[in-house]
Amino acid sequence: MTDRANFADSGAGSAIRVLLADDEEMIRHSVRLILQHTDGIEVVAEAANGAGAVRLAAEHRPDVVLLDIRMPILDGLAAVETLVALDPAPQVVMLTTFGDEENVLRALRAGATGFLLKDERPQELISAVRAAAAGDAVLSPGVTGIVVRRMLRGGGAGAVAAAPDSRVAGLTDREREVLVMLGEGLSSQEIGRRLGIGVGTVKTHVRSILAKTACGSRVQAALLAHQAGLMG
């Protein structure tokens, strides 16, 4: 099946615009069915390879690109850097069955917003699209574990420096709660639901956590939660 863009621009101004790229037609069909029946999300185009994803992203300016890793012509990992260099740049979430460490770290280093496995439940996929559109890092709990284990072994750029206990000492009790949930790989929406607070409040806590702990990203904060022994 060739690239498609006939889920076309409907002009729904508030809808999250999604481009789906996967060389397996059945996967595209399944993901599209989930997303196109979800309020506030619009699938604007499909691609069967990374080259098509880049071309259609430049044409349709999606908010979020769901991008498979292993595709012909141009694979997802090679396409990420081009996609995130677009202006405006979409949020790129890798969607794959291959949850190995090297692909996870390569995707994140290349600028992907997150990484989801294809066996995620439909609601998790929907939540991930919404979180990515809001600028959150999206890592499924299993993938968060992969990143943390690799970084703790010193195998990933951006690992958190030593003395984690001193870096979390200045956090409030609520900020520690939020940090633990970052360590679990939860999005801002998921954290908000668990704590009974608004997404905006969650993001304020995350910004404060990053500033107080000198973490450069939510992934680094997740790693810090594990290093500091906060995960139970």
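In the predicted model, Ile73 lies in the loop that connects β3 to α3. The residue is exposed, because its relative accessible area is 72%, over the 50% that marks the exposed class. With neighbours within four places in sequence left aside, Ile73 is in contact with Asn49 and Ala51. The second of these partners, Ala51, is 22 residues away from Ile73 in sequence, while the C-alpha atoms of the two are 6.7 Å apart.

At the level of the whole protein chain, the secondary structure amounts to eleven helices and six strands. Of the 232 residues in the protein chain, 51% are buried. Among contacts in the protein chain with a separation of 6 or more, 69% are accounted for by residues 24 or more positions apart.

The largest nonpolar core consists of 29 residues. Within this core, the residues with the most contacts are Leu19, Leu67, Leu83, Met94 and Phe115. At least two residues of the core come from each of the strands β1 (16-21), β2 (41-47), β3 (64-67) and β4 (91-96), and likewise from each of the helices α2 (50-60), α3 (76-84) and α4 (101-110). Apart from this core lies another, of 19 residues, which includes Val43, Leu95, Leu116 and Ala128. In soluble globular proteins, nonpolar side chains tend to be buried together.

Leu67 is one of the residues with the most contacts inside the largest core. When residues up to four places away in sequence are not counted, Leu67 touches Ala21, Ala53, Gly76, Ala79, Val80, Leu83, Val92, Val93, Met94 and Leu95.

Two of the helices that supply this core, α2 and α3, also pack against each other. Their axes come within 9 Å and cross at roughly 10°. The helices α2 and α3 are therefore roughly parallel, the class for angles under 35 degrees. On the α2 side the contact is made by Gly50, Ala53, Val54 and Ala57, and on the α3 side by Ala79, Thr82 and Leu83. By residue class, the contact of α2 with α3 divides into five nonpolar, two polar and no charged residues.

A second helix pair is formed by α8 (residues 173-183) and α9 (residues 188-195), whose axes are 10 Å apart and which pack at an angle of about 130°. This angle makes α8 oblique to α9. The crossing of α8 and α9 is right-handed. Arg174, Glu177, Val178, Met181 and Leu182 of α8 make the contact with Ile191, Arg194 and Leu195 of α9. The residues of the contact of α8 with α9 comprise five nonpolar, no polar and three charged. The buried residues in α8 are Glu175, Val178, Leu179, Val180, Met181, Leu182 and Gly183. Beyond the helix, α8 is followed by Gly185, which has a positive phi near 85°.

Glu124 is placed in helix α5 (residues 122-133). Glu124 counts as partly exposed because its relative accessibility is 25%, which falls between the 20% and 50% limits. In sequence, Glu124 and Ser140 are 16 residues apart, and their C-alpha atoms are 8.5 Å apart in space.

Conventions:
Residues are numbered from 1 along each chain as its sequence is written. This is a predicted model: local features need pLDDT of at least 70, side-chain atom pairs count only at pLDDT 80 or more; totals for chains, interfaces and linings use all residues. Side-chain values use heavy atoms; hydrogens and water are left out. A nonpolar core is a set of buried Ala, Val, Leu, Ile, Met, Phe, Trp, Tyr and Cys residues joined through side-chain atoms within 4.5 Å. Buried means under 20% relative accessible area, exposed over 50%, partly exposed in between (1.4 Å probe, protein chains only). Helices (H or I, at least four residues) and strands (E, at least two) are DSSP runs, numbered from the N terminus. Contact means heavy atoms within 4.5 Å. Axes are lines fitted to C-alpha atoms, for helices over the stretch in contact, and angles run from 0 to 180 degrees between N-to-C directions. Angles under 35 degrees count as roughly parallel, over 145 as roughly antiparallel, 65 to 115 as roughly perpendicular and the rest as oblique. A crossing is left-handed if the near helix is turned anticlockwise from the far one by less than a right angle, and right-handed if clockwise. Ala, Val, Leu, Ile, Met, Phe, Trp, Tyr, Cys and Pro count as nonpolar, Asp, Glu, Lys and Arg as charged, and the others, Gly among them, as polar.
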